[in-house]
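Here is a friendly walk through how the copies in an assembly meet, in questions and answers. Have the chains on screen and follow along.

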Amino acid sequence: MMRDVITEIPLEPVLEIGGVFVGAMAGALAGVRKQLDAFGILVLGWAAGLGGGMLRDVLIGAVPPVGISDWRFIVTAVLGGTVMYFFHPRLERARRFIVVLDAGALALFTVVGTLKGLEYGATPVAAALVGVMTGVGGGVLRDLLTAEVPVVLQDRQLYATPALLGATLTVVLAEQGVLGTAGSVAIVLGVFALRVAALRLRLSVPGPWRGKAGL
Amino acid sequence: MMRDVITEIPLEPVLEIGGVFVGAMAGALAGVRKQLDAFGILVLGWAAGLGGGMLRDVLIGAVPPVGISDWRFIVTAVLGGTVMYFFHPRLERARRFIVVLDAGALALFTVVGTLKGLEYGATPVAAALVGVMTGVGGGVLRDLLTAEVPVVLQDRQLYATPALLGATLTVVLAEQGVLGTAGSVAIVLGVFALRVAALRLRLSVPGPWRGKAGL
Amino acid sequence: MMRDVITEIPLEPVLEIGGVFVGAMAGALAGVRKQLDAFGILVLGWAAGLGGGMLRDVLIGAVPPVGISDWRFIVTAVLGGTVMYFFHPRLERARRFIVVLDAGALALFTVVGTLKGLEYGATPVAAALVGVMTGVGGGVLRDLLTAEVPVVLQDRQLYATPALLGATLTVVLAEQGVLGTAGSVAIVLGVFALRVAALRLRLSVPGPWRGKAGL
């Protein structure tokens with residue numbers, strides 16, 4: 001299923017596999033911090049690497065979701081979790097590197113997820129939202145399973161916003177019939193660049209309003 | 001999809017839109033209290049206003065759920081969240097008013113959800129449970145996303161009980177072929193009245209049993 | 001639906017009903033400990049007894065899931081929750097007994113869930129994972145609804161591992177066409193025995209790695 005999408009839009013599957021791997025590493029790290037056992041750490045990795053795609057697939061009716069049916073993705077997630085399980089003391093120091101990789105995964109998952117939504121006949125609005133969920137859903141599932149408020153809802157970083165812009169642009173261009181491979185790649189790069197720029201420039205989303213209306 | 005249901009059973013769509021709006025306000029308020037960022041506050045509003053319907057749609061196979069595919073509901077939820085984002089200091093004082101509006105949303109979502117369940121061929125038992133979930137699901141999703149035990153499970157108020165009675169009555173009358181518009185409206189009003197009466201009279205659900213069997 | 005599976009593979013339905021009952025008791029106990037109200041305690045029972053099957057059904061597209069559509073299972077879960085609601089002070093002392101019953105439910109749910117996955121055309125990998133989720137999903141849902149990190153991810157017990165072995169064996173034998181009734185029963189007994197042995201012998205899953213790679 002996922003393979004079909006990849007064949008149609010020639011984003012390299014190697015990039016998507018990379019996204020799952022990075023997401024799984026971030027998930028497993030959350031598990032290590034919560035002192036989960038080895039099984040729990042790998043499950044967190046699987047949930048973080050593949051949770052966004054599973055949420056997407058359940059919402060568009062593409063069941064069973066690739067996160068449980070495609071062994072290549074599952075093996076990738078388990079490998080990512082295993083690497084973090086054994087090397088977490090060293091990898092925590094490489095955190096900046098992981099954050100950048102994660103930006104790549106966010107960009108890729110968002111565009112691929114949006115296109116899969118369209119492919120399954122979702123409305124433009126639904127496809128864009130499904131794309132955003134594909135991008136951020138793995139992190140949300142990781143946080144729910146560790147009984148935390150999802151980071152994406154509270155950390156005031158520009159994380160979901162680039163995904164929302166990218167998904168919207170993907171839908172608009174696809175509806176106009178002018179997306180193509182070049183367009184998809186450009187959007188992936190744009191979301192990635194926006195996310196990295198937000199990190200560099202410390203752009204932030206405001207917290208609860210404290211202005212005049214509140215007086 | 002939702003529109004079809006509304007056309008068939010002429011409950012005013014304006015009421016349902018109102019339910020989404022109120023639910024979104026309550027969700028956004030929870031986000032403000034948790035100090036989420038602006039994006040998180042709007043997501044909480046969306047989850048609280050549309051989560052019950054999304055849970056219903058996934059459970060009956062009506063995918064993608066209206067909560068991501070119908071732009072009118074999504075815009076409504078975002079508006080409700082935006083209003084709460086800017087005016088939360090004032091609106092918290094109007095809490096009693098919000099609680100009453102929420103009772104209306106509970107009543108409406110329960111009956112509409114039950115009817116949609118029947119429409120999709122759910123068994124009578126499933127349709128009633130799906131109706132209750134439509135009514136209370138938004139609040140549950142809101143609480144899960146803020147890492148809280150769902151209020152509906154612990155606050156000892158009569159909240160799910162009126163919904164359960166209303167959903168059961170809806171199924172029974174629909175199965176007998178005597179529901180009609182008047183019946184639907186009457187049940188909505190009955191659930192609303194029971195919920196408001198429970199608030200007024202401080203009717204409560206008991207906590208864990210401490211009686212003789214426990215000795 | 002569930003009944004069909006049971007008829008095909010003559011695992012006694014009485015055992016599955018027993019699994020739902022025991023799961024519901026464990027869920028209701030968690031609700032009692034969290035001081036939920038009576039409604040919340042019964043909902044926790046329902047979620048714990050039927051949540052694994054509901055997760056399975058949503059993931060394989062068997063909607064509405066049996067957990068909301070089959071009244072026999074729902075009544076069983078409510079009964080289990082009710083028994084725990086009234087007798088929790090006594091039943092907590094019988095904890096060892098409940099743990100053993102729960103091992104039986106784990107074994108049974110895993111094998112039945114795996115077979116239902118295959119029946120709905122899931123890939124072998126997906127069917128095995130769906131089987132494990134059927135076995136452990138009720139407990140995960142119970143923990144999420146009480147805002148706890150799922151026990152199965154952190155308690156270092158051999159709980160999911162026997163389920164994973166049993167589900168894998170079920171898929172392998174079913175694919176070879178040599179599963180049959182005897183095979184199913186043998187796997188259920190094997191998972192049960194492994195789980196009980198792990199309890200007896202205090203076998204454990206390791207926590208986060210602290211070895212050489214971490215230096």
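Q: How many salt bridges does the rule find across the interface of chain C and chain B?
A: Keep in mind that this is a predicted model. A salt bridge here needs a side-chain nitrogen of Lys or Arg within 4 Å of a carboxyl oxygen of Asp or Glu. Across the interface of chain C and chain B, the number that meets this rule is zero.

Q: How many residue pairs are in polar contact across the interface of chain C and chain B?
A: Salt bridges number zero at this interface. Polar contacts are another matter: with both residues at pLDDT 80 or more, the pairs found between chain C and chain B number nine.

Q: Which three residues of chain C supply more of the area buried against chain B than any other three?
A: The area buried between these two chains is about 2,500 Å², and carbon and sulfur atoms give 69% of it. Of what chain C buries against chain B, 24% comes from just three residues, a share above that of any other three: D37(C), F39(C) and I68(C).

Q: Which elements of chain C give two or more residues to the side that touches chain B?
A: In all, 30 residues of chain C are in contact with 33 residues of chain B. By class, that side of chain C has 22 nonpolar, five polar and three charged residues. The elements of chain C that give two or more residues to it are α3 (38-60), α4 (66-69), α5 (71-91) and α7 (124-145).

Q: Which element of chain C gives the most residues to the side that touches chain A?
A: Turning to the other partner, 33 residues of chain C are in contact with 30 residues of chain A. At least two residues of that side come from each of α3, α7 and α8 (151-154) of chain C. The one that gives the most, with seven residues, is α7(C).

Q: Which three residues of chain C supply more of the area buried against chain A than any other three?
A: Chain C and chain A bury about 2,500 Å² between them, with 69% from carbon and sulfur atoms. The side of chain C that touches chain A has 23 nonpolar, six polar and four charged residues. The three that supply 25% of the area chain C buries there, more than any other three, are L59(C), L153(C) and W209(C).

Q: What turn lays chain C on chain A?
A: Two copies of a chain are related by a rotation about an axis and a shift along it. For chain C and chain A, the RMSD is 0.0 Å and the shift along the axis is 0.0 Å, with a turn of 120°. That is the relation of a three-fold axis. In chain C, the C-alpha nearest this axis, 3.3 Å from it, is that of A147(C), and the turn asked for is 120°.

Q: Why do chain C and chain B meet through different surfaces?
A: Chain C can be laid on chain B by a turn of 120° and a shift of 0.0 Å along the axis, with an RMSD of 0.0 Å. The copies nonetheless meet through different surfaces, because the interface residues of chain C that are also interface residues in chain B amount to only 10%.

Q: What share of residues 100-174 of chain A is helix?
A: UniProt, in an unreviewed entry, places "domain: Glycine transporter" at residues 14-88 and 100-174 of chain A. Residues 14-88 are 87% helix and 0% strand, with end C-alpha atoms 24 Å apart. For residues 100-174, the end C-alpha atoms lie 27 Å apart, strand is 0%, and helix is 81%.

How values were computed:
Residues numbered from 1 in each chain as written. Chains lettered and ligands numbered in written order. Predicted model: local features only at pLDDT ≥ 70, side-chain atom pairs only at ≥ 80, totals over all residues. Heavy atoms only, no water. Contact = heavy atoms within 4.5 Å. Buried area = accessible area lost by both parts, 1.4 Å probe. Polar contact = N/O pair within 3.5 Å; in protein donor to acceptor, adjacent residues only side chain to side chain. Helix = DSSP H or I, 4+ residues; strand = E, 2+ residues; numbered from the N terminus. Nonpolar A, V, L, I, M, F, W, Y, C, P; charged D, E, K, R; others polar. Least-squares fit on C-alpha atoms with pLDDT ≥ 70 in both. UniProt positions renumbered as here; feature names shortened; annotations may be inferred.
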